[in-house]
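Subject: the model, plus notes

Hi,

Here is the structure I promised to pass on. Have a look at it first, and my notes follow underneath.

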Amino acid sequence: MTKVSEQQFLNKLVEVIYKLSNIVKTQSPRFKKKWDDYLKPLNSEPHIIRQIPLDKDKFLKEIDYRISVLKIVEQATLDGFYSVKTLLKTLYGSYFDSELFKNDFSEEDQLILKYLIAKEILGNLIQYNILDHESVPLKYNIIARNYTLIKLKGQRDIEILDSLKKLNIKDVKMADVETFMKEIESDGFIDIKKKGNNYHYNLNKELELSKEGKLYYSQVLQPLVDFPTLFFRSFFNIRELNVTLDQNIQYHDFLQKILLKTAIQGFSPTNYVFKNLIKYYEKIKEESN
């Protein structure tokens, strides 16, 4: 495997930051506009991802500037997390109880949307869901995580419980699962059968909106609901930095350990990388003074 020199790594790093800067430049204003067009009456200040200004030449030459840009990128990773959290908290905390929602969608579509939106966001973002399982009520989260399996082959209560524990929801018990599944059954989406010591759950009704509901959803809500997945999959992917470093690079082992995390896509590893790249360049700056 080709080993990367200090300058080659720096060149790769500046290009990755340039890529992230462009993602924010296009996606963040689009998210804000769609929010203002529809959800602003319920929350006028969603968490917006900050812009990442970048002068490539300055980044390559000036360590103080480099550190300052890396700090902005690290904050932007946090913004990405909190923008999704703001969206979910606004939807599940106020929108679904609002007159806006009740006037725009039929009662049947209202019920479907509470499950469908959880599936579209949390079903796609497992890493995010591990960090945040408070913003969405658990019964919707259960369907978000298990919808496909319940649809294809059914699930047992023990499998539902295991799926919640994988999200680091430690205090949930089997009795809680049974309660939530009965609520989902009451909403008309699953059938429950007792087989031996276990309850089995099968899908009774798919999460399909009416023709009118689907059309209006695509206009007002879908751009907001699609944003978390689009943003996470593009912004929290810095695999270009997954390189093997030349042994002569200063603090080689420390930097190589940081870069191992770039092989994993997602918020936590990306945030870790930029947080520690700041420490790396601060160490180099300290050494040179």
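To start with a small one: which residue in β4 is the bridge partner of D191? It's N202. Before I go on, please keep in mind that this is a predicted model.

**The overall picture**

The chain has 289 residues, and 47% of them count as buried. Its secondary structure comes to 13 helices and 5 strands. The C-alpha trace spans about 70 × 45 × 30 Å along its principal axes. If you take the contacts between residues at least 6 apart in sequence, 70% of them join residues at least 24 apart.

**The sheet**

D191 belongs to an open sheet of 3 strands, as its place is in strand β3. The strand order in that sheet is β2-β4-β3, and the pairing is antiparallel. β2 (155-156) and β3 (190-195) are the edge strands; each has a single partner strand, so one side of each is left without a neighbour in the sheet. As a reminder, strands of a sheet pair through backbone hydrogen bonds, either parallel or antiparallel.

How many bridges hold each pairing? β3 and β4 pair over 6 bridges, in the antiparallel sense. Besides the D191 pair, I190 has L203 as its bridge partner in β4. β2 pairs with β4 (residues 198-203) over 2 bridges, again antiparallel. In that pairing R156 has H200 as its bridge partner in β4.

The hairpin of β3 and β4 has 2 residues between the strands, and G196 takes a positive phi near 65° there. Helix α7 (residues 138-152) lies across β2, β3 and β4, and runs at about 90° to β4.

Back to D191 itself: buried or exposed? D191 is partly exposed, because its relative accessible area is 33%, between the 20% and 50% cut-offs. Not counting residues up to four places away in sequence, D191 touches H200, Y201, N202 and N204. N204 is 13 residues from D191 in sequence, and their C-alpha atoms are 5.8 Å apart.

**Helix α10**

Which residues of α10 (residues 211-220) are buried? They are G213, Y217 and V220. These three cover an arc of only 85° around the axis, so they sit on the same side of α10. That fits the usual geometry: an α-helix has 3.6 residues a turn, so residues three or four places apart point the same way. The face of α10 turned away from that buried side carries the exposed residues K211 and L215. As for what the buried residues pack against, the partners are α1 (6-38), α5 and α11 (222-235).

**The largest pocket**

This is probably the part you'll open first. The largest pocket has a volume of about 210 Å³. Its lining is made of L116, K119, E120, Y147, E206, L207, E208, L209, K214, Y217, Q222 and D226. Which helix gives the most to that lining? It's α5, with 3 residues. α5, α10 and α11 each supply at least two residues of the lining. Note that Y217 turns up twice in these notes: it is one of the buried residues of α10, and it is also among the residues lining the pocket.

**G123**

One last residue. G123 has its place in the loop between α5 (107-122) and α6 (126-131). With a relative accessibility of 26%, G123 counts as partly exposed. Leaving aside its neighbours within four places in sequence, G123 is in contact with A118, A144 and R145. A144 and R145 fall within the range of α7 (residues 138-152), the helix that lies across β2, β3 and β4. D97, on the other hand, is 26 residues from G123 in sequence and 23 Å from it in space, C-alpha to C-alpha.

That's what I have for now. Shout if anything looks odd on your side.

Cheers

Note on methods: Residues are numbered from 1 along each chain as its sequence is written. This is a predicted model: local features need pLDDT of at least 70, side-chain atom pairs count only at pLDDT 80 or more; totals for chains, interfaces and linings use all residues. Side-chain values use heavy atoms; hydrogens and water are left out. Two strands pair if DSSP finds at least two bridges between them. Helices (H or I, at least four residues) and strands (E, at least two) are DSSP runs, numbered from the N terminus. Contact means heavy atoms within 4.5 Å. Axes are lines fitted to C-alpha atoms, for helices over the stretch in contact, and angles run from 0 to 180 degrees between N-to-C directions. Buried means under 20% relative accessible area, exposed over 50%, partly exposed in between (1.4 Å probe, protein chains only). The arc is that of the directions from the helix axis to the C-beta atoms. On a 1 Å grid over the protein atoms alone, a cavity is a set of points where a 1.4 Å probe fits but cannot get out, and a pocket is an open set with protein on both sides within 12 Å along at least five of seven lines; lining residues have an atom within 4 Å of a point. Grid points are joined across faces, edges and corners, and a volume is the space filled by probe spheres set on the points.
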